[in-house]
Amino acid sequence: SAAQDSATELIFLMAMISLQLGIFNLLPLPVLDGGHILLLLFEKIKGAALSQKLRGNLQMAGVLLLLSMTVLVTYNDIIQVFFE
């Protein structure tokens, strides 16, 4: 509907989506950029690199959390569409 309203509305919608994705990407989940920043900060404070096994486990936990959030949001959307 934003594309049908005006070009300004469409550009505003695209800017809002881009901004929201950028903010979401800064969440401190290891699989996202915010998580990488957090891990680098932790390594800087610790003074040594994290082991590859720990880094891999953190990445896997981040992926699982992100997938869980995706499933939850999709489930909520389906419930709202069909049962409300």
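Before the first view, one term: two residues are in contact when their heavy atoms come within 4.5 Å. Keep in mind, too, that this is a predicted model.

**View 1. Gly 35 and the residues it touches.** Gly 35 sits in helix 3, which covers residues 33-46. Setting aside residues up to four places away in sequence, Gly 35 touches Leu 27, Pro 28, Leu 29 and Pro 30. Is Gly 35 buried or exposed? Its relative accessible area is 3%, and because anything under 20% counts as buried, Gly 35 is buried. Leu 58 is worth finding in this view as well: 23 residues separate it from Gly 35 along the chain, and their C-alpha atoms are 9.3 Å apart.

**View 2. Helix 3 from end to end.** Here's a quick check on the helix itself. Helix 3 has 14 residues, so at 1.5 Å a residue it should span 20 Å. The C-alpha atoms at its ends are 20 Å apart, which agrees. Which residues of helix 3 are buried? They are Gly 34, Gly 35, Leu 39 and Glu 43. The buried residues of this helix pack against helix 2 and helix 4. Follow the chain just past the end of helix 3 and you reach Gly 47, which takes a positive phi of about 90°.

**View 3. Glu 43 and its salt bridge.** Now zoom in on Glu 43, another residue of helix 3. How many salt bridges does a search of the whole structure find? It finds one. The partners are Glu 43 and Arg 55, whose side chains meet at 2.2 Å, N to O. Glu 43 lies in helix 3 and Arg 55 in helix 4 (residues 52-83), so the pair ties together parts that are 12 residues apart in sequence. The two partners also fall into separate exposure classes: Glu 43 is buried, with a relative accessible area of 14%, whereas Arg 55 counts as partly exposed at 23%. If we leave out neighbours within four places in sequence, Glu 43 is in contact with Ala 48, Ala 49, Leu 50 and Arg 55.

**View 4. A nonpolar patch on the surface.** This view turns to helix 2, which runs over residues 7-25. Which residues form the nonpolar patch? The members are Leu 10, Ile 11, Leu 13, Met 14, Ile 17 and Leu 21, and together they have about 560 Å² of accessible area. Take two of them in turn. Leu 13, which has its place in helix 2, counts as partly exposed, at 39% relative accessibility. Leu 21 also lies in helix 2. At 56% relative accessibility, Leu 21 counts as exposed, because the cut-off for that class is over 50%. Looking from Leu 13 towards the start of the chain, Ala 3 is 10 residues away in sequence, with 9.2 Å between the two C-alpha atoms.

**View 5. How confident the prediction is.** Last comes a look at the confidence scores. The protein averages a pLDDT of 91, and 100% of the residues score at least 70. Which element has the lowest mean pLDDT? That is helix 1 (residues 2-5), with a mean of 74. Helix 4 has the highest, at 94. As a rule of thumb, predicted coordinates should not be read in detail where pLDDT is low.

How values were computed: Residues are numbered from 1 along each chain as its sequence is written. This is a predicted model: local features need pLDDT of at least 70, side-chain atom pairs count only at pLDDT 80 or more; totals for chains, interfaces and linings use all residues. Side-chain values use heavy atoms; hydrogens and water are left out. Helices (H or I, at least four residues) and strands (E, at least two) are DSSP runs, numbered from the N terminus. Buried means under 20% relative accessible area, exposed over 50%, partly exposed in between (1.4 Å probe, protein chains only). Patches are made of residues with over 30% relative accessible area and no salt bridge: like charges are joined within 9 Å, nonpolar side chains (Val, Leu, Ile, Met, Phe, Trp, Tyr) within 5 Å. Accessible areas come from the Shrake-Rupley method with a 1.4 Å probe; for residues, only the protein chains shown count as cover. A salt bridge is a side-chain nitrogen of Lys or Arg within 4 Å of a carboxyl oxygen of Asp or Glu. The expected span of a helix is 1.5 Å times one less than its number of residues. pLDDT is the predictor's confidence in each residue, from 0 to 100.
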